[in-house]
Amino acid sequence: MGGPDGFTAGLTEYGAAPTVIGRHIIYTVEAVEGRFAGQLVETAVAIDELARWPLVPPHWIYLRNEVAFSTTNTQSCAMAGWIGHSRQIVGWGNDLDPAAGWVAHVRGVIGEAT
């Protein structure tokens, strides 16, 4: 299954508790490194970026404003208190389970927060 439904189903399998709010899917991952290590961190993706999931991963990761990075490209978010961070994924498609690969990617991004 692909698209937003496949993305949500995959995150559910990993206990990320995805919820649709407006045009975003919000979910929670446990950070394993960095400033937020051991904490549950909310993150989101725009539903319109999931049209080609899992062939093409979302480009923007949305995080609450308190999650900051020393270097990042940002864009505004329709959800108050959130901001989008541009992240490229190198080697996408190498993981047998796209949801596992996505969760690992997001954990890595959050691990870089300052």
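The following legends describe close-up views of a predicted model.

**View 1. The six-stranded open sheet.** The strands of this open sheet follow the order β1-β2-β3-β4-β6-β5, and their pairing is antiparallel. Strands β1 and β5 (74-76) form the edges, each pairing on one side only. From one strand to the next, the twist averages 35°.

**View 2. Strand β3 and its two neighbours.** Strand β3 comprises residues 40-46, and five of its seven residues are buried, so the strand is largely enclosed by the rest of the structure. Seven bridges connect β3 with strand β2 (residues 24-30) in the antiparallel sense. Within this pairing, Val29 is positioned opposite Val41 of β3. Strand β4 (residues 60-64) also runs antiparallel to β3, and two bridges join them. Thr43 has Leu63 of β4 as its bridge partner.

**View 3. The salt bridge between Arg64 and Glu42.** One salt bridge is present in the structure. Arg64 and Glu42 form a salt bridge in which the closest N and O atoms are 2.7 Å apart. Because Arg64 belongs to strand β4 and Glu42 to strand β3, the pair ties together parts that are 22 residues apart in sequence. Arg64 has a relative accessibility of 30% and therefore counts as partly exposed. Glu42, with a relative accessibility of 31%, likewise counts as partly exposed. Both values fall between the limits of under 20% for buried and over 50% for exposed.

**View 4. Helices lying across the sheet.** Helix α1 lies across β2 and β3 and runs at about 20° to β2. Helix α2 (residues 98-111) lies across β2, β3 and β4, with a direction at about 75° to β2. Strands β2 and β3, crossed by α1, are also crossed by α2.

**View 5. The cis peptide bond at Pro54.** The peptide bond leading from Trp53 to Pro54 adopts the cis form, with omega near 5°. Pro54 is located in the loop between β3 and β4. The strands that this loop separates are joined by two bridges.

**View 6. The backbone at Ala17.** Ala17 has a phi near 50°, which is a positive value in a residue other than glycine. This residue, Ala17, is found in the loop between α1 (3-13) and β1 (19-21). The relative accessible area of Ala17 is 52%, so the residue is exposed. Strand β1, which follows this loop, is an edge strand of the sheet.

Definitions and conventions: Residues numbered from 1 in each chain as written. Predicted model: local features only at pLDDT ≥ 70, side-chain atom pairs only at ≥ 80, totals over all residues. Heavy atoms only, no water. Buried < 20%, exposed > 50% of the residue type's maximum accessible area, 1.4 Å probe, protein only. Helix = DSSP H or I, 4+ residues; strand = E, 2+ residues; numbered from the N terminus. Pairing = 2+ DSSP bridges. Salt bridge = Lys/Arg side-chain N within 4 Å of Asp/Glu carboxyl O. Axes fitted to C-alpha atoms, helices over the stretch in contact; angles between N-to-C directions. Contact = heavy atoms within 4.5 Å.
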